[in-house]
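Trainee: Could you take me closely through one strand and its two neighbours? Then please show me a few other places worth a stop.

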Amino acid sequence: MLTATRHIPTVADLSADPVTHHYDDTVAPAGLTNNLGTVRVDHDLTAITAVQFPPVSQGLAATAVAFVDGRIFRSYGVPVTHEWRPDRVVRRAALDGLDLETTTVAVPGTTAVAIDVRVRNTGSEDRTVEVMLSLASRVVAHDGPWLAAESPDARNEASVDGSRLVFTDAAETAWSVQGVDVPATARLSGVAPTSEQFSIGVGGMGRGGDVTVAMEVAAGGSARFGYVQAVGGSREAAVGVFDAVAADVPGAVRAAEVYWNAQLEASVTPGNTEFSGHLPLLETQSDALRRLYWWGILGILYFRRDYEGNVLGRSYDTLMPNYWGTTTFLWDFSLSSVTHALLDPAAMKRQLSHWISRDTHTLFGTSSLTGDPVGQWYSVNDYAMTRLVRDYVRFTGDHGFLDESPASERTVLDHLRLWARAWQGLRRSSKLADYGEIENLLECVSSYTHEVASFNAANVWNLRVTADVLEHRGDRAGAGELRSEADALVEAVLELYLPGEGFFAAGQPDGTRLPVRHCYDFNIVGTSIADDLDDQTRREMVAFFRRELQTPEWMRALSPWDPDASYSVRPDHQWNGAYTAWPADAARALVALGRPDVALDWLPGLARTANQGPPGQAHFVEEAQPLLGGGARKAPPQLPYINDWACSSSGAYVALVIESLFGAEPGLDGLADADGCVAALDPSAVLRGLRVGDRLVDVHADGRVVDRP
C-alpha cells in the first residue's frame, strides 16, 4: 500500500491479488508487455501463449508446457498460484517433496520472453529432478494488417541447435528461438506435421520438440534454470536476442522491474522522457479513490506500442493478450480520451489525424502495422471522433489543430461540422437516426438496434460541442443554428423515454418501440443531456440503475429483467457482467444526474475489483461467477465469453476522477474553477500538476485551482 507521503506506486503496490486455481478454472490467463509486444501467461506452471512482437506473430500458439519427472505437470492435479504485477507473473505450485516457482517477464527493449524456473527440495534426501518443456511455434511475419481477432500464424519447421530449438515459417520471414540457459537436451518431437486443412484448435497446438533439464537438488536446497523465447525477422536477429537474454535471465527479471517502475513514475512527472505529456499526481487519503485512479492509468500504460515499423511511430492497442493485436478501436480509444490528451497528446494527435484521413463510417479501428482500416462501421464513431477532438483541443490548448487538413481540403473543424450532422443521413421516417443492427452497436444485445436513445442523445451533444467551437471562433450565427437543431432533436430523443420506468425504448423500422433496459442509454443520456431532463426523469433513471444494474462490486450492462437477457452470455454487454468502462461512465452519469453520493458510495466496491491487474474487457457480476479475492471476476477469453484479459478503455476511470469527482472540466478557454464532489470522500484530496493548455495547476477538493510556479 502507498503511504501518505509516497503518492507514486511501484509495481509491488499495483500487484494483483494471488489467484490459486486448477488449470482450466474460469480465471482469465494474465498478460505481460514490454510495450514492444505481448505474451499470455497460462495456467500451467511454465506455459505461455501468443508470444507476438509485431510484425512477428504466432496467433494463440502455446509453448513451454511443463513436464516434471516425465509427467505432464497439469496431470498432477495440484493447484497453481499466480501472482501478477506489471513487470512479471510469478507462478507457484507444490508437488511431493518439491516447491516449484517460475517468474515470467517480457524482457524490456527486446523481442523476447524469459522465465526463471526455481525448484526447491523440501524432502530429506538429495534427488534428481527432471523438468521438460514441450516447445512449439507458429511464427509468421504478416505483411498486411491483422484483420481477424486472432493474430496470424503459420506452420513452422523446427530444428535443433545445441540445447535449443529454432523455428521458422516456410518463407523464412519469421523466426523463434527457444531454449534454456543451462546444459540441456533438446530434441525434435518426430511427429509428422499436421495438414493445414485440419483445425489446430480442435486437435491441439502441435509439438515441435522439447528441451529437458536434469537438476541435482540437495535436501533442503534449490536449483534453477532460465527459459527464453526470442523472435525476429531473421535467424540472426532472433538468435542474437536469445543469446543476450539467456546470458542473464535473473538480470532480465530485474530489468523488467526497473522498467515498469520508471513508466509509473514518468506517467505523472512533468517533462518526463517517456511520454509527450503527463497525468496529474493524485494525493488522497482514500484508498478506493487512489486505487481506481491508478487502475485506469495502468491500463493505458499497458497498451502503448513502440515496435519498429509502427506506421504511427507510437500507438495504443485496445485489447491484449489474446485478441486484435495491433488494432486500435476508435470507440475504446475515445473512452480514454481525457487520459490520452493528458498523457501522450502527440501520439493522440497522430492517431486522430490518421483516422480523419480515413472514412470513419467504414471501420471500427485501424492497424498500426499498415494504417489500413479494420472491421465494420461502429455507430459510435461520429460521437467518438467529436469527443476525441474536443478533449485534445481543450486540454492541450492546440486550437490550431482545428485548422489543419490531415487528408484533404477539409479541415478538422469541417469534419466536426460533418460529424455533428451525419445523423441526418441516417434517418428513416422519424426525426431520429437509425443506427443499424447489432453488428454496429452492442453485438450481443439483439434488442438494442436502430433508433437508440444513446447515440441520438450523443448527436445533441455533438451539435452543441460544435456550436461551442464555432462561437469561440466568432461564428455566432453558425453556433446558433446548430444549437437550434440540438434543441429540436433533444425533444425527439426524450420521446423514447418510458415515464415511470427509468429506461428508454429503441425505435424500430416498422414504427414500434421496443423497451430496452441497458446501461448504455443510462450512461450516454446521463453524461450528454442531463440538463435537458426534468427532476422526475432524473430520479427515475437513477432508481432504475440502482434497482436493476448496480451491484456492490460491479454492474450489469443489461437488466436481468430484460427479455433479451436470454440472448447471450457475453458479459461485456449482457446481464451477467459489464464492459470495463461502463461502471466509470455510469458513475459519471450519476454525478451529472445529481446523485454524486450514489457514485461515491460505490467507489470502495469498484476498487475491490481492481485486484486482478489492469481492467479486463469485462468482469462478471457475482450472480454469474463468484467474486475473486473480493472483486468482480474478469471474464475469460474462451467461448462463449470471448473477452480479453485487459482493455485500453480503462482511462475512463482517470476521467471519472479528474472531471466528475474533482470537477476539473476545462472548456475551450481553459479551466477557471472546479466544481466537484470529491470533498465528500476526502476533503484533503489534491490533483497536482494538471496540464490545461500552457498552465500547470493544482486542483483541490474544495474547488480551488492554483497555478504552479
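Mentor: I start with the strand and then move along the chain.

First, the ground rules. This is a predicted model, in which local features need pLDDT of at least 70, side-chain atom pairs count only at pLDDT 80 or more, and totals for chains, interfaces and linings use all residues. Residues are numbered from 1 along each chain as its sequence is written, and side-chain values use heavy atoms, with hydrogens and water left out.

Go to strand S16, residues 164–169. Strands here are DSSP runs of E with at least two residues, and helices are runs of H or I with at least four, numbered from the N terminus. Six of the six residues in S16 are buried (under 20% relative accessible area; exposed is over 50%, partly exposed in between, with a 1.4 Å probe and protein chains only). In a regular strand, side chains alternate between the two faces of the sheet. Now look at each face of S16. Arg164, Val166 and Thr168 are on one side. Leu165, Phe167 and Asp169 are on the other. Both faces are covered.

Next, the neighbours. Two strands pair if DSSP finds at least two bridges between them. S15, residues 156–161, is joined to S16 by six bridges, and the two run antiparallel. To place yourself, find Glu157: its bridge partner in S16 is Thr168. S15 and S16 make a hairpin with two residues between them. In that turn, Gly162 has a positive phi of about 70 degrees.

Then take S17, residues 175–180. Five bridges join S17 to S16, again antiparallel. Here Arg164 is the one to find: its bridge partner in S17 is Gly179. The hairpin of S16 and S17 has five residues between its strands. Glu172 in the turn has a positive phi, about 55 degrees.

Now a helix. H16 covers residues 652–661, and 10 of its 10 residues are buried. Among them are Tyr653, Glu659 and Ser660. Gly663 follows H16, with a positive phi near 70 degrees.

Positive phi also turns up at residues other than glycine. His450 has a phi of about 65 degrees. His450 lies in the loop between H9 (412–421) and H10. His450 counts as buried because its relative accessibility is 5%. Ile642 has a positive phi of about 40 degrees. Its loop runs between S31 (618–620) and S32 (646–647). At 31% relative accessible area, Ile642 is partly exposed.

Two cis peptide bonds deserve a stop. One joins Pro54 and Pro55, with omega about 5 degrees. Pro55 sits in the loop between S4 (48–52) and S5 (56–57). The other runs from Met320 to Pro321, with omega near 0 degrees. Pro321 is in the loop between S24 (319–320) and S25 (327–329).

Last, the rings. The whole structure holds 29 aromatic pairs (Phe, Tyr or the six-membered ring of Trp, centres within 6.5 Å; planes under 30 degrees apart are stacked, over 60 edge-to-face, the rest tilted). Trp324 and Phe329 make an edge-to-face pair, 5.8 Å centre to centre with 80 degrees between the planes. Trp324 is buried at 16%, and Phe329 is buried at 7%. Ring pairs also link both into a cluster, whose members include Trp331, Phe364, Tyr435 and Trp582.
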